Amino acid sequence: MTTFGFATVLDEDGGDGPVLSVMAGDRVLPLHDLVSEEERPTPVPDTFDALLDQWDAWVDTVLRVLRTYPPDDAGRPWRAASEVTFFPPTAYRPTVYCAGANYRDHVAEMGAVPPDPATARPFHFLVPGAALSGHRGESPRPPGMRRLDWEAELAAVIGRRADSVSVEEALDYVAGYTVANDLSCRDDEALSAPPFGIHWLLQKGWRGLKPLGPAVVPASLVPTPHDLPIRLSVNGEVRQNSNTNQMIFSLAEQISALSKLAPLHPGDLLLSGTPAGTAAAHQGRYLEPGDEVVVEVVGVGRLETRVTGG
């Protein structure tokens with residue numbers, strides 16, 4: 001089966017806005033150039049939000065067209081991904097839910113006892129959609145912060161309204177998956193905010209601290225999201241190397257729990273937690289301006305980010 005994702009990239013035809021595109025391997029092509037008029041199930045959506053309204057039809061159409069015009073075919077003007085400027089691939093300003101302490105190996109390296117999924121509920125916090133940045137983009141280290149940490153994560157994109165859904169049906173509400181890096185400030189100012197405790201927004205909500213992408217791979221092409229190798233490297237050195245099977249609360253359990261707090265809407269994001277190997281846990285080597293960070297989730301994608309000064 002052909003694997004592809006929907007990406008949002010800079011318009012190369014003279015515009016300065018985003019263009020909904022298809023990414024297959026290391027090649028990218030605007031959706032309107034890939035699918036001819038007679039093959040389109042609906043008018044070509046101009047945003048990811050609009051695409052979600054006709055998700056299944058467009059996934060099936062792209063799969064069918066890719067059998068005839070694969071990325072190495074000269075019949076379509078595919079471009080190398082290295083030549084493309086990426087935006088975050090998902091909806092404009094989604095609600096971003098982030099899971100905390102959700103990998104067994106990560107909890108173990110922190111010297112803590114993992115919660116019991118049978119009796120506890122998953123822990124989540126929110127960050128603003130404005131914190132998102134795209135593949136091969138820049139993430140500025142926030143002013144005054146010196147302990148910038150990394151967190152490789154698998155992210156799920158909600159495809160339709162989910163209100164009080166069961167665990168058994170929860171994954172039916174996922175449109176697709178992408179790769180995320182939950183960059184986090186570990187400075188004392190963010191970790192201690194009397195009388196409230198951790199200042200989650202100050203720690204994780206700065207602009208550019210949530211790289212995402214490069215594309216959203218349809219859920220139908222990721223049959224086992226709970227058994228995917230996940231790794232992160234800094235300047236080529238592996239810092240995290242684990243598997244999504246280390247999750248304490250599955251994606252289905254997280255989606256179900258969140259949907260019972262408030263409805264989830266199309267385009268909302270769920271960052272599902274990070275494995276062992278963060279700087280704060282035991283390495284103590286935080287990110288510096290100029291560092292190149294790569295997160296890979298096998299079957300989903302490779303996300304590259306450059307840390308800049310701040």
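Two strands are said to pair when DSSP finds at least two bridges between them, and the strands themselves, like the helices, are DSSP runs numbered from the N terminus, with at least two residues (E) for a strand and at least four (H or I) for a helix. The model is a predicted one, in which local features need pLDDT of at least 70 and side-chain atom pairs count only at pLDDT 80 or more, while totals for chains, interfaces and linings use all residues. Residues are numbered from 1 along each chain as its sequence is written, and side-chain values rest on heavy atoms, with hydrogens and water left out.

A good place to begin is strand 2, which covers residues 18-24. Strand 1 (residues 5-10) runs antiparallel to strand 2 and is joined to it by six bridges, and within this pairing T8 stands opposite L20. Strand 3 (residues 27-30) also runs antiparallel to strand 2, here with four bridges, and S21 stands opposite P30 of strand 3. Strands 2 and 3 form a hairpin with two residues between them, and G25 in the turn has a positive phi of about 65°.

Six of the seven residues of strand 2 are buried (under 20% relative accessible area with a 1.4 Å probe, protein chains only; exposed is over 50%, partly exposed in between), so strand 2 is largely enclosed by the rest of the structure.

T8, which lies in strand 1, counts as buried because its relative accessibility is 10%. Leaving aside neighbours within four places in sequence, T8 is in contact (heavy atoms within 4.5 Å) with several residues, including P18, V19, L20, F86 and P89. The side chain of T8 also reaches the backbone oxygen of P89 at 3.4 Å.

Methods
A polar contact is a pair of N or O atoms within 3.5 Å; within protein, one must be able to donate a hydrogen and the other to accept it, and residues adjacent in sequence count only if both atoms are side-chain atoms.
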